[in-house]
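Trainee: Could we go through a structure together, with you explaining the reasoning behind each label?
Mentor: Gladly; ask away once it is on the screen.
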Amino acid sequence: MEPTKEPASLVILSSSPHIHGGNTVPAAMRDVIISLIPAVLAAAYYFHFSAISVILACVISAIVFEAICQKLMGRPITTYDCSAAVTGLLLALCLPPSFPVGLAVMGSFFAIVIGKMIFGGLGCNVFNPAHLGRAILLASYPQQMTTWVLPITAMQTTHASTSATADAVSSATPLVSMRAAEQLWQTGQQATTQLPSLWNLFIGNVGGSLGETCVPALLIGGLFLIWRGHVDWRIPLFYLATVALITGVYGGVRGYDSIFPVYHLLAGGLMIGSFFMATDWVTSPITKRGRIIYAIGLGVLTALIRLRGSYVEGVCYSILMMNMVTPLIDKYVRNTSFGGGAKK
Amino acid sequence: MSSPKATFLDGIHIPPNKSLTDGQEIRSCPAPDFVYLPLSMHIGAPANPVVKLGDKVKMGQVIATAGGFVSSNIHASISGMVTGFQRRYLPNGMMSNCIVIKNDGLDTPSEDIKPREESEITPDLIRKLLQEKGIVGMGGATFPTHVKYAPPKDGPAIDTIILNGIECEPYVTSDHRVLLEYPSEIIQGLKYFMLASGAPKGVIAIEENKPDAIALLSKLVEKEPGIEVLPCAEKYPQGSEKQLVYASTGRTIPDRGLPAAVGVVVDNVATAIAASRAIKDNMPLIERVVTLSGNAVNKPGNYLVRLGTLYSYAVENAAGGYKGELSRIISGGPMMGFAVNSLDFPIIKGSGAVLLFNHDSVFAHVPIEGTCVRCGHCVDVCPMFLEPTVIVQNVKKRDWDDAAAASIHACIECGCCTFQCPAHIPLVQYIRMGKQFIGGKGDGGHNPFYTIKK
């Protein structure tokens with residue numbers, strides 16, 4: 001028999017496919033961090049030092065908590081995949097400016113340890129960790145969590161008195177102003193002058209959480225994530241459309257000013273929630289139809305809480321509630337295989 | 001504005017990496033000193049040898065006959081003497097008895113290889129010749145072609161023959177080159193297929209990354225009635241049968257069904273060439289075009305290789321050997337081919353490519369499996385609309401009922417899901433394991449975990 005030339009080294013015997021597209025979890029998480037940079041810059045612009053300190057505190061403590069948990073659980077430390085950093089960053093962007101740093105670290109603890117690690121780590125959590133952290137903080141420290149301040153830029157346009165050293169002045173958020181305005185609208189009075197202008201609301205010149213005010217920054221980041229393929233466009237589209245529809249019908253029926261639905265879309269945590277929080281991989285459904293149902297559910301719950309609930313903001317709790325429903329959606333919304341529905 | 005290109009739903013885009021080999025003409029690989037012809041080069045029953053040790057054989061002579069209806073003949077690819085029988089592993093992991101022939105260097109053709117009168121060719125003769133001359137699917141599946149043209153009488157009539165010139169796998173370019181270099185034989189083969197089945201329509205489907213082939217074939221079929229060229233959008237896995245039938249005709253093949261269930265037959269362009277030679281010139285299938293490529297090969301290209309040639313011989317004598325230490329040897333394409341442990345395998349009827357990669361390529365890297373992050377990319381890209389991560393979770397839990405309910409049998413193992421998975425989970429590998437367990441073949445045929453429920 002003829003001699004055969006055997007390769008001298010060991011070859012890899014893989015099962016097909018033998019090539020990979022290059023997607024990795026760290027790369028996707030890095031893209032999310034990049035997409036949040038505009039929002040971080042906006043927060044720094046409007047709220048100065050308090051923004052930076054809260055963001056840094058949340059991100060660093062989230063990474064540290066995850067590493068400690070993984071060490072205690074005897075698992076390899078995977079903080080390089082940046083998912084803890086993303087959770088910390090999203091949590092920080094949901095907190096009010098001048099939130100005490102120590103409580104921000106507590107928030108990271110709740111988000112990472114209770115929201116993610118006790119479930120088993122990445123991929124196993126039921127709830128969006130950042131929103132879970134925020135919800136626990138809201139229940140535990142309601143005073144600090146609802147102390148809002150106006151950014152300096154807004155202060156100059158209002159006639160509220162300012163002290164020369166204050167970075168900002170306490171004030172109501174646009175959603176709180178909306179509730180007050182609704183009461184005026186119900187009695188037939190025009191209330192638009194009570195509200196910040198639409199432009200100020202859009203650009204972020206209003207009170208609110210660190211990351212939720214500047215809509216263009218959030219839109220740029222959100223569209224970047226959709227373009228990169230990390231976020232399914234169905235979730236923000238159907239979420240926002242449902243909120244717009246319900247608030248529009250509600251306001252139309254009651255004779256409110258026509259800016260009512262637009263205001264609801266731009267105010268509060270809806271923009272950041274729809275693009276960055278509702279679209280979290282682990283806690284949203286895996287099928288396209290499932291995601292549409294999830295997004296519509298989110299829209300209904302958010303609109304209900306905002307319009308009829310005693311809280312002015314509905315995004316946080318509606319996301320947590322729909323997170324609970326996601327496994328149910330995944331169980332019942334199943335794809336039929338190609339050819340599976342056809343006649344034999 | 002041109003009309004939207006024919007395509008299917010979902011799927012992925014892969015960097016083609018075809019420029020290494022698609023610009024060069026096909027070159028012949030010299031015939032080796034020994035050929036190793038497996039008796040099981042096709043789907044179905046292995047062939048039965050009709051030669052014994054010491055027999056002298058001519059090139060093209062029958063050395064093994066079909067073992068049943070779903071089987072095919074095997075022919076000597078060189079002239080010489082039968083020097084033995086060997087059991088060898090084939091790239092798919094199965095073991096097969098092989099007939100070993102020593103080359104006498106003369107390439108004496110068998111006497112029955114001579115042209116046939118056009119008037120003698122009838123559908124029944126075509127079916128008979130396809131089996132006699134060893135024609136099987138050369139796209140890789142090696143299904144005996146004559147069976148496709150003898151569909152059960154109770155099915156719908158065949159009205160379209162599709163020739164698969166898609167070649168969606170990266171690195172592989174053998175079909176592209178045969179489209180450019182043997183176009184008239186492709187068209188002739190298609191006409192014989194149309195005659196055998198009675199189909200009035202023939203379609204040659206070519207992916208749009210081969211514009212030269214599309215232009216050439218379109219020109220040549222202008223005068224042929226009932227035959228057209230269909231350019232398809234470049235997307236993986238366009239060349240998969242179910243996706244190709246959908247893109248070409250809009251018909252959906254039912255679950256567990258064959259294309260004949262929707263009145264279509266699909267064959268590879270190389271199979272059409274082999275069929276044309278078998279019917280016109282009585283020439284059996286004894287050689288095929290193989291892409292030898294990958295970053296380790298010194299002279300990548302397409303080579304006409306005799307069946308039974310060992311990979312080591314072809315790489316050494318046609319492709320100029322390889323450089324560096326090999327990290328992966330792939331028989332077939334990188335998405336659905338088999339990784340093998342040496343170059344000691346014979347080229348068989350379905351071997352379209354042999355790819356060699358050394359440690360300088362991304363193929364030297366083995367990713368570590370992570371936890372599923374429920375991103376849904378696998379669900380989004382699956383061309384069969386399955387939920388791979390759900391199936392894999394069921395396989396890991398040994399929950400065969402749920403895996404079957406998630407349509408594990410419908411998986412075509414194309415690899416789109418694994419390609420996209422950011423957690424590097426080997427989804428296709430788990431699905432294959434699951435299919436084995438459900439079929440009762442895991443654990444050597446005795447599966448303590450599952451009994452097939454009727």
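The conversation below goes from chain B as a whole to some of its strands and residues.

Mentor: One thing to keep in mind is that this is a predicted model.

Trainee: What makes chain B as compact as a globular protein of its length?

Mentor: Let us start with its make-up: chain B has 13 helices and 17 strands. Its radius of gyration is 22 Å, and the globule rule gives 22 Å for 454 residues, so chain B is as compact as a globular protein of that length. Along the principal axes, the C-alpha trace spans about 65 × 50 × 50 Å.

Trainee: How much of chain B is buried, and what share of its contacts join residues at least 24 apart?

Mentor: Buried residues account for 59% of the 454. Of the contacts between residues at least 6 apart in sequence, 72% join residues at least 24 apart. As for the accessible surface, the total is about 17,600 Å², and carbon and sulfur atoms hold 55% of that.

Trainee: Why is B:Val82 called buried?

Mentor: Buried means under 20% relative accessible area. B:Val82 has 1%, so it counts as buried. This residue sits in strand E7, residues 80–89 of chain B. Leaving out residues up to four places away in sequence, B:Val82 touches several others, among them B:Val51, B:Leu53, B:Val57, B:Ile99 and B:Ile101. B:Val57 is 25 residues away along the chain, yet the two C-alpha atoms are separated by 7.2 Å.

Trainee: And what makes B:Ser174 buried?

Mentor: The reasoning follows the cut-off again: its relative accessible area is 3%, so B:Ser174 is buried. B:Ser174 belongs to helix H3, residues 174–181 of chain B. Its contacts beyond four places in sequence include B:Glu167, B:Arg288 and B:Asn302.

Trainee: How do you know that E7(B) and E8(B) pair?

Mentor: Two strands pair if there are at least two bridges between them. E7(B) and E8(B) are joined by nine and run antiparallel, so they pass that test. One place to look is B:Arg87, which stands opposite B:Asn97 in E8(B). The hairpin of these strands has five residues between them, and there B:Gly93 takes a positive phi near 95°. E8(B), residues 95–103, also pairs with strand E2, residues 34–38, in the antiparallel sense over five bridges. In that pairing B:Tyr36 stands opposite B:Val100.

Trainee: What makes strand E9 of chain B mostly covered?

Mentor: Six of its six residues, 160–165, are buried. On one side these are B:Thr160, B:Ile162 and B:Asn164, and on the other B:Ile161, B:Leu163 and B:Gly165. E9(B) also has parallel neighbours: six bridges join it to strand E10, residues 201–207, and five join it to strand E12, residues 264–268. B:Ile162 has B:Val203 as its bridge partner in E10(B), while B:Asn164 has B:Asn268 in E12(B).

Trainee: One last label: why are E3(B) and E6(B) called edge strands?

Mentor: Three strands make an open antiparallel sheet in the order E3-E5-E6. Each of E3 (48–49) and E6 (74–75) pairs on one side only, and these are the edge strands. E3(B) meets E5(B), residues 62–65, over two bridges. Pairing requires at least two bridges, so this pair qualifies. Within that pair, B:Asn48 stands opposite B:Thr65.

Technical notes
Residues are numbered from 1 along each chain as its sequence is written. Chains are lettered from A and ligands numbered from 1 in the order in which they are written. This is a predicted model: local features need pLDDT of at least 70, side-chain atom pairs count only at pLDDT 80 or more; totals for chains, interfaces and linings use all residues. Side-chain values use heavy atoms; hydrogens and water are left out. Helices (H or I, at least four residues) and strands (E, at least two) are DSSP runs, numbered from the N terminus. The radius of gyration is taken over C-alpha atoms; the globule rule is 2.2 Å times the number of residues to the power 0.38. Buried means under 20% relative accessible area, exposed over 50%, partly exposed in between (1.4 Å probe, protein chains only). Contact means heavy atoms within 4.5 Å. Accessible areas come from the Shrake-Rupley method with a 1.4 Å probe; for residues, only the protein chains shown count as cover.
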